[in-house]
Amino acid sequence: MKRALCVLLAVVLIVSMFSGCAGKPGPLRICVDLEYIYGGDKISVIETYMYDLESSLMNNIGLSDYVIEYIPRTGSERSNAIDRIRTEIMSGGGPDVFIVNTAGGEWFTPSGEALFLQPEKAMEAGIFLPLDSYIENAQYAEWDKLTPEVMAGGKNREGQQLVPLTYSVPTAIYLSSDFSHTPSRMTWSDMLNEKELFDTAARLGDARTMSGSFDFPADYILGDLADYRQETLAFSEEDLLKRVNEVMELTEYTTQNELYEVPNWSESSIGVGFNTSEGGYRYSEVINGIGEEDTYSLVPLYSDDGGCTAMVLSFAAVNRNTQRPQDAFAVIDCLLSTSKQMNAKLYTDLLYRRGVNASMPMHEEIMTEEKRVYAGLYPLSEENFTTLSAVRDQITNVQFAGQLNIELQNMMLECYDAHRFGEGYTDIVHRAYETMDRILGE
C-alpha cells in the first residue's frame, strides 16, 4: 500500500510539472546580439536601431507582449548572459527568437564569443525550429526573392531553420573598359592557372588587404568546411597546408610586384555601398581610380568546390522550445520585409557595413534605382547590378562564421609570423587541423 501511494504521488508530481509547462506562455522573448563585433558610437544606439522593428511589431503585427533581451557587448556581463541563455536552451527554455551576428568581426575577421559558436551544428542538434510551414503562409517578407543559394545554407533535412540576414563574397573590382570577366563555376585552382586571372587571384588570396591589414581567406577558398551532421571536416590536412603555402607565395608575389600600387582596381565584398567610400553617400571619394558612376567588371574569389563562398554575417532563428511559434516567426517575417531591408536603420546603419567591407542584403532586387537602400545612397546602374548579380549567381557554398573560421584565422596568424622569421609552420597547421577536428566532435 505504501509503495502504491509513493508511485501515485510520483505520477501526480510529474503531471503537475507538465501541466505547469503547458500553462499560458509569458511575453515573447527576442534575443538580440548585434553589438559585440562593432566599435564606436554604434554600441550606444543599438536600441535605437530596433525602434523601427518594434513599431512594426506593435502596429502591423499587433504584438505587444514581448521583451527584447540585448546581450552585453563585452566582459563578464556578456559571458554570464551567454552562459545563462545556453543553459536555458538546453533545459527546454530560452528566448523565442534570435537576431544575432555570427562570429565575424567588423572587418570580416572571425573573432569573439558568439552566442552560437557553430550555428550549423546547433541546427543539426535540433536547437532551432523548422520554418517551412510558416514561410508558406508568410505575410510580410518576399521569401521567394531571398537569395536561394544563401538561404540553402540554413537548411537541413528538416527544412529552413537559420535565416541569413546579410552575407559577404570577396570580390575584385575593375573598370570594365580595362578588364573583362564573366563569373563562372571555376575553381580556385582554375583561377590560379588562368594567366589573365593570376594577379587577381594573388590580390584576393594573399594575406593582406588594400589598406595593408592582415587577411586570410582560406575559409572562402576551401568552400565547404564540414559535414556538421557527421561531424567531419570536408578538407584534409594536406589541403589546408597547400592553401597556407599558396597564401605565403601570393603574399610575396603581390609585394615584390607592387600589385597594390597599380591603379584602377579595388578589393571589396559585394554589397550595399561596395562601390563607395566608407560613408556610402553620393559623390564620395574615388577608391584607387574606381568611382561610383563607373561601369565595373567583378571577379569573385573562387573556391575549391567551384563557384564562390558566401559568408553569413548575421541571421535570425526561432527556438524550437518556443510555445509561441507563430508569433516568433512573425518577428522574422517582419524583419525580412522588403521595406525593412531597404530603409530600417538596423540594416542601413548597422548590418550593411558599406565601403570595402560591404555586405549583401538577402532580397535579390535591392540596390537598384527602384529598390535603393535609402535616398542618400548611390544606387547601382542597371549594368553594374547585372554584373553584381552574376557574381551572386555563382554562390555554391555558404558558411555561418564560427569556431572553425576563428581557428583558421588564428592558425594563419601564427603561420604568417613564423614565415616572416624564416621558421616552418607545418606543425602549426597540424595542431590547428586536430583542434578543428576536435571542435566538431564536442
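**The sheet.** In this predicted model, begin by selecting strands 10, 7 and 11. These 3 strands form an open sheet in the order 10-7-11, and their pairing is antiparallel. Strands of a sheet pair through backbone hydrogen bonds, either parallel or antiparallel. Colour strand 10 (265-269) and strand 11 (296-300) as the edge strands, each of which pairs on one side only. From one strand to the next, the twist averages 30 degrees.

Next, display strand 7, residues 170-175, together with strand 10; the two run antiparallel and are joined by 5 bridges. Which residue of strand 10 is the bridge partner of I173? Selecting I173 leads to S266.

**Helices across the sheet.** Keep the sheet visible and add helix 9, residues 198-205. Helix 9 lies across strand 7, strand 10 and strand 11, and runs at about 135 degrees to strand 7. Then add helix 15, residues 382-392, which lies across strand 7 and strand 11. The direction of helix 15 is at about 10 degrees to strand 11.

**From helix 9 to helix 11.** Two packed helices are described by the angle between their axes and the distance between the axes. Select helix 11, residues 237-256, beside helix 9. Their axes are 9 Å apart and the packing angle is about 110 degrees. Helix 9 and helix 11 are therefore roughly perpendicular to each other. To see the contact, show F198, D199, A201, A202, R203 and G205 of helix 9 with V247, L250, Y253 and T254 of helix 11. By class, this contact between helix 9 and helix 11 comprises 6 nonpolar, 2 polar and 2 charged residues.

**From helix 11 to helix 17.** Now select helix 17, residues 426-441, which packs against helix 11 at an angle of about 135 degrees, with the axes 10 Å apart. This angle makes helix 11 oblique to helix 17. The crossing of the two helices, 11 and 17, is right-handed. On helix 11, show E237, L240, L241 and V244; they meet T426, V429, H430, Y433 and M436 in helix 17. The residues of this contact of helix 11 with helix 17 divide into 6 nonpolar, 2 polar and 1 charged.

**An aromatic pair.** How many aromatic pairs does a search of the whole structure find? The search finds 14. For one of them, select F98 and F116: the ring centres are 5.0 Å apart and the planes stand at 90 degrees, so the pair is edge-to-face. F98 belongs to strand 3 (residues 97-101), whereas F116 lies in the loop between strand 3 and helix 5 (119-124). The two residues are 18 residues apart, and the pair links distant parts of the chain.

Definitions and conventions:
Residues are numbered from 1 along each chain as its sequence is written. This is a predicted model: local features need pLDDT of at least 70, side-chain atom pairs count only at pLDDT 80 or more; totals for chains, interfaces and linings use all residues. Side-chain values use heavy atoms; hydrogens and water are left out. Axes are lines fitted to C-alpha atoms, for helices over the stretch in contact, and angles run from 0 to 180 degrees between N-to-C directions. Helices (H or I, at least four residues) and strands (E, at least two) are DSSP runs, numbered from the N terminus. Angles under 35 degrees count as roughly parallel, over 145 as roughly antiparallel, 65 to 115 as roughly perpendicular and the rest as oblique. A crossing is left-handed if the near helix is turned anticlockwise from the far one by less than a right angle, and right-handed if clockwise. Contact means heavy atoms within 4.5 Å. Ala, Val, Leu, Ile, Met, Phe, Trp, Tyr, Cys and Pro count as nonpolar, Asp, Glu, Lys and Arg as charged, and the others, Gly among them, as polar. Two strands pair if DSSP finds at least two bridges between them. Rings of Phe, Tyr and Trp (its six-membered ring) pair if their centres lie within 6.5 Å; planes under 30 degrees apart count as stacked, over 60 as edge-to-face and the rest as tilted.
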